Amino acid sequence: MSLIQETKENIIVPAMKLLPEKMNSDKSNIMLLAIGLQESRLVHRKQIGGPAKGLWQFEKGGGVKGVMTHSTSAGLAKTILEKRRHEISIASAYDALEHDDILACAFARLLLWTDPYPLPELGQDRRAWNLYLRVWRPGKPHEATWADLYRQSLESL
């Protein structure tokens, strides 16, 4: 089984069960795969030479704080932390992301949920790239790798 298939079955599917059904779609799952591949290659749970944690590479004062405080995601984030048996705090969530891939995936989906625009249609890799830039705000974006990683994600459908 490929890394992408393993991620879908063992991480994304269980994470989506923690969220409202309307948050689970092919469009969201492709974005999760593409961003996970872009950020960590779905391998690195701690950023090499940096502070980010989890397969989706969240920083404590960035994505974690954003998900924990944004009006559209804060309540769901707290519920998910309770279900995953983690303390409800930014610090606890940040630490847990390194070891709890399902939590990391659910938080990644919540971060996408905070964006006011609809998810890009399947195959719209430029719009998907722009969403990634808007929401993840990577310090050193690597646009050259995005199209291929997005394509790999799309082919997993």
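# Notebook: a helical chain and its loops

I began with R41, whose place is in the loop between helix 2 (26-40) and helix 3. The model I am reading is a predicted one, and I keep that in mind for every entry below. What drew me to R41 is its backbone: the residue has a positive phi of about 60° although it is not a glycine. I then looked up how far R41 is covered, and at 36% relative accessibility it counts as partly exposed.

I went on to L42, which lies in the loop between helix 2 and helix 3 as well. L42 also has a positive phi of about 60° without being a glycine. Is L42 buried or exposed? With a relative accessible area of 4%, L42 is buried, whereas R41 at 36% is partly exposed.

**The chain as a whole**

I stepped back to the fold and counted eight helices and zero strands in the protein chain. Read along the sequence, the pattern is therefore simply α-α-α-α-α-α-α-α. The radius of gyration is 14 Å, close to the 15 Å that the globule rule gives for 157 residues, so the chain is as compact as a globular protein of that length. Along the principal axes, the C-alpha atoms fill a box of roughly 35 × 35 × 35 Å.

I noted next that 48% of the 157 residues count as buried. Among contacts between residues at least 6 apart in sequence, I find that 62% join residues at least 24 apart. For the surface, I wrote down an exposed area of about 7,900 Å², of which carbon and sulfur atoms supply 50%. The charge count gave me 21 positive and 18 negative side chains, with the centres of the two sets lying 4 Å apart.

**Helix 3 and its neighbours**

Which residues of helix 3 (residues 60-69) are buried? I list G63, V64, V67 and M68. They cover an arc of only 125° around the axis, which puts them on the same side of helix 3. As a reminder to myself, an α-helix has 3.6 residues a turn, so residues three or four places apart point the same way. On the face turned away from the buried side of helix 3, I find the exposed residues G61 and T69.

I then asked what covers the buried residues of helix 3. The cover includes helix 4 (74-83), helix 5 (90-97) and helix 6 (101-113). Turning to helix 5, I see that S92, A93, Y94, A96 and L97 are buried, and that what covers them includes helix 3, helix 4 and helix 6. Helix 3 and helix 5 thus each appear in the other's list of cover.

**R109 and L119**

I looked up R109 next, whose place is in helix 6. Although R109 carries a side chain of the kind counted as positive, it is buried at 2% relative accessibility. Leaving out residues up to four places away in sequence, R109 touches M16, L19, M23, S28, L32 and L119. One of these partners, M16, is 93 residues away along the chain, yet the C-alpha atoms of R109 and M16 are separated by 8.4 Å.

From R109 I followed the contact to L119, which I place in the loop between helix 6 and helix 7 (125-136). At 16% relative accessibility, L119 counts as buried, since the cut-off for that is under 20%. With residues up to four places away again not counted, L119 touches S25, K27, S28, M31, R109 and L131. For L131, twelve residues from L119 along the chain, I noted a C-alpha separation of 7.9 Å. S28 is listed as a partner of R109 and also as a partner of L119.

**P141**

My last entry concerns P141, found in the loop between helix 7 and helix 8 (143-155). At 39% relative accessibility, P141 counts as partly exposed. Which residues is P141 in contact with, leaving aside its neighbours within four places in sequence? I find W129 and L133. For a long span, I also looked up P141 and S25, which are 116 residues apart along the chain and whose C-alpha atoms are separated by 26 Å.

Key
Residues numbered from 1 in each chain as written. Predicted model: local features only at pLDDT ≥ 70, side-chain atom pairs only at ≥ 80, totals over all residues. Heavy atoms only, no water. Buried < 20%, exposed > 50% of the residue type's maximum accessible area, 1.4 Å probe, protein only. Helix = DSSP H or I, 4+ residues; strand = E, 2+ residues; numbered from the N terminus. Arc of directions from axis to C-beta. Contact = heavy atoms within 4.5 Å. Rg over C-alpha atoms; globule rule 2.2 N^0.38 Å. Areas by Shrake-Rupley, 256 points an atom, 1.4 Å probe, with all protein chains shown as cover. Charge placed at Lys NZ, Arg CZ, Asp CG, Glu CD.
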